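Biologist: Please take one small part of this model and look at it closely. Then walk me on from there, in plain steps.

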Amino acid sequence: MRDVVIIGTGQTPVGELWEKSLRHLAHDAIMPALADAGVERPDALYVGNMLSGQLVGQEHLGALIADFVGLRGIEAMKVEAACGSGAAALRVGLMAVASGMHDVVLVCGVEKMTDTLGDFTTSALATAADQEYEVSQGVSFVALNALLMRRYMYEYKVPKEDFAAFTINAHRNGANNPYAMFRSPITQKAYAQASMIADPINLMDSSPVCDGAACVVLASADLFRSRAKARILASAVATDSLAVHDRRNPLVLDAVAESSHRAYVQAQITPADIHFFEVHDAFSIMAALSLEAAGFAPCGAGVRLASEGEIAIGGRLPIATMGGLKARGHPVGATGIYQVVEAVQQLTGNAGANQVQGCSIGMTQNIGGSGATVITHILGAI
Ligand code: COA
């Protein structure tokens, strides 16, 4: 296998981008990434996307986007793994370059979620859960996460207000990120007063519905060493049952544990060597469970890591350093690529006010469903 590096990145602001179509969003992330990499014609394009068929009425994104950005003729295809689609596309691109099949590939995550009515979007998102055993009972993704959060609060005697630390951290970091959807810090009081979505999940526990696109250019380290911005030290995928009730213990995300473990083994490091973690904080409960299963806190102590300030920039393990899914936003199929773009910002010292000083190893983790597909990447500075 060949070593793979990232040589270019691009991203659009995240938000309700009604004036941009899906293909325009992809274009607006791809063109700066190609310019950044100094590449005109990559060997292939892999598109991470979850919902274009349902929310835009458009599939076949590989050929569509390749043509729209002036790359007609190259290999191009869409990769889907629910909210983990972005990192899944990255994984496919990485395998193509590492195997020697291609030398330079473009990976773009793109999602357009805000042109449809809320109920319709919620139903589309729920197609990533188990249709026969979960969705047919009427649960949405927010509801599934609410069940997990309630169980967590009961099992570990954690008061709801302690979860606020995740949201406060994410919004504080998002405030300094020009690409973030939410750029206002929030207080403990604002968290307490936020409207309830699915008890105990309130508006401030939940990532938003939004649009966005992000892109990275991957290349063989041997051929593009002088342009490298970051190295990919590990890439690992693990899966679990779609249905939460089929799991050994609903409060232990086994696929997070397995995916993280495989990544640590590949990179030959332990969790203690990670300098920052772009966690999949689609809901504050997901952030807590991920921190625990990935080995950063014992079971039941993930929330404490947050409430004791360890997840802030300057803390023991900064997370969601550019706002995370909560404040930067969660355009589902694009999220995994945003995480990697932000990790490159950190590793190249370009994270501005949110810079994690002296960082050289970062981890990104993108989750599909309520923990059914978990894709972990570990990146290293050059
Ligand atoms: N955090 C903070 N503010 C939010 C927000 C969020 N997650 N979502 C919406 N808002 C704000 C909007 O900016 C808007 O503010 P304004 O009135 O000042 O303009 C206000 O709340 C209402 O926005 P709206 O879009 O009408 O919200 P909504 O009630 O339709 O939707 C949720 C809110 C939480 C239900 C929706 O964002 C949601 O379903 N999120 C979960 C998405 C999901 O499941 N993703 C997959 C995860 S795996």
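Modeller: In this predicted model, Pro 200 sits in the loop between strand 5 (196–198) and strand 6 (201–202). The peptide bond leading into Pro 200 from Asp 199 is cis, with omega near 10 degrees. Most peptide bonds are trans, and most residues other than glycine have a negative phi.

Now for the phi angles. Lys 157 is not a glycine, but has a positive phi of about 55 degrees. Lys 157 belongs to the loop between helix 6 and helix 7. Its relative accessibility is 68%, so Lys 157 counts as exposed. Gln 268 is another non-glycine with a positive phi, here about 60 degrees. Gln 268 comes just after helix 10, in the loop between that helix and strand 9 (276–278). Gln 268 is exposed, at 72% relative accessible area.

Step back into helix 10. Helix 10 covers residues 254–267, which is 14 residues. From first C-alpha to last, helix 10 reaches 20 Å, close to the 20 Å expected at 1.5 Å a residue. Its buried residues are Ala 255, Val 256, Ser 259, Ser 260, Ala 263, Tyr 264 and Ala 267. These buried residues span an arc of only 160 degrees around the axis, so they lie on the same side of helix 10. What do the buried residues of helix 10 pack against? Their partners are strand 8 (230–239), helix 11 (284–293), strand 10 (361–368) and strand 11 (373–381).

Follow helix 11 next. Helix 11 packs with helix 6 (residues 141–156) at an angle of about 60 degrees, and the two axes are 9 Å apart. The crossing of helix 6 and helix 11 is left-handed. Helix 6 makes the contact with Asn 145, Leu 148, Met 149 and Tyr 152. Helix 11 brings Ile 285, Met 286, Ala 288, Leu 289 and Glu 292.

Helix 11 also meets helix 7. The buried residues of helix 7 pack against helix 11, helix 8 (188–193), helix 12 (302–307) and helix 13 (324–327). Helix 7 (residues 164–174) is mostly covered, with ten of its eleven residues buried. Among them are Phe 166, Ile 168, His 171 and Gly 174.

Two residues with Leu 45 or Ala 44 among their contacts come next. Ala 66 lies in helix 3 (residues 61–68). Ala 66 counts as buried, at 3% relative accessibility. Ala 66 and Leu 45 are 21 residues apart in sequence, and their C-alpha atoms are 7.0 Å apart in space. Beyond its neighbours within four places in sequence, Ala 66 contacts residues including Leu 45, Ile 74 and Ala 76. His 102 lies in the loop between helix 4 (85–98) and strand 4 (104–111). His 102 is buried, at 12% relative accessible area. With neighbours within four places in sequence left aside, its contacts include Arg 2, Asp 43, Ala 44 and Glu 75.

Last, the cysteines. A disulfide is a covalent bond between the sulfur atoms of two cysteines. How many disulfides are there, if a pair of cysteine sulfur atoms must lie within 2.5 Å? The count is zero. For Cys 83, the nearest cysteine sulfur is that of Cys 210, 11 Å away. Cys 83 counts as buried, at 9% relative accessibility. For Cys 108, the nearest cysteine sulfur is that of Cys 215, 5.0 Å away. Cys 108 is buried too, at 0% relative accessible area.

How values were computed. Residues are numbered from 1 along each chain as its sequence is written. This is a predicted model: local features need pLDDT of at least 70, side-chain atom pairs count only at pLDDT 80 or more; totals for chains, interfaces and linings use all residues. Side-chain values use heavy atoms; hydrogens and water are left out. Helices (H or I, at least four residues) and strands (E, at least two) are DSSP runs, numbered from the N terminus. The expected span of a helix is 1.5 Å times one less than its number of residues. Buried means under 20% relative accessible area, exposed over 50%, partly exposed in between (1.4 Å probe, protein chains only). The arc is that of the directions from the helix axis to the C-beta atoms. Contact means heavy atoms within 4.5 Å. A disulfide is a pair of cysteine sulfur atoms within 2.5 Å. Axes are lines fitted to C-alpha atoms, for helices over the stretch in contact, and angles run from 0 to 180 degrees between N-to-C directions. A crossing is left-handed if the near helix is turned anticlockwise from the far one by less than a right angle, and right-handed if clockwise.
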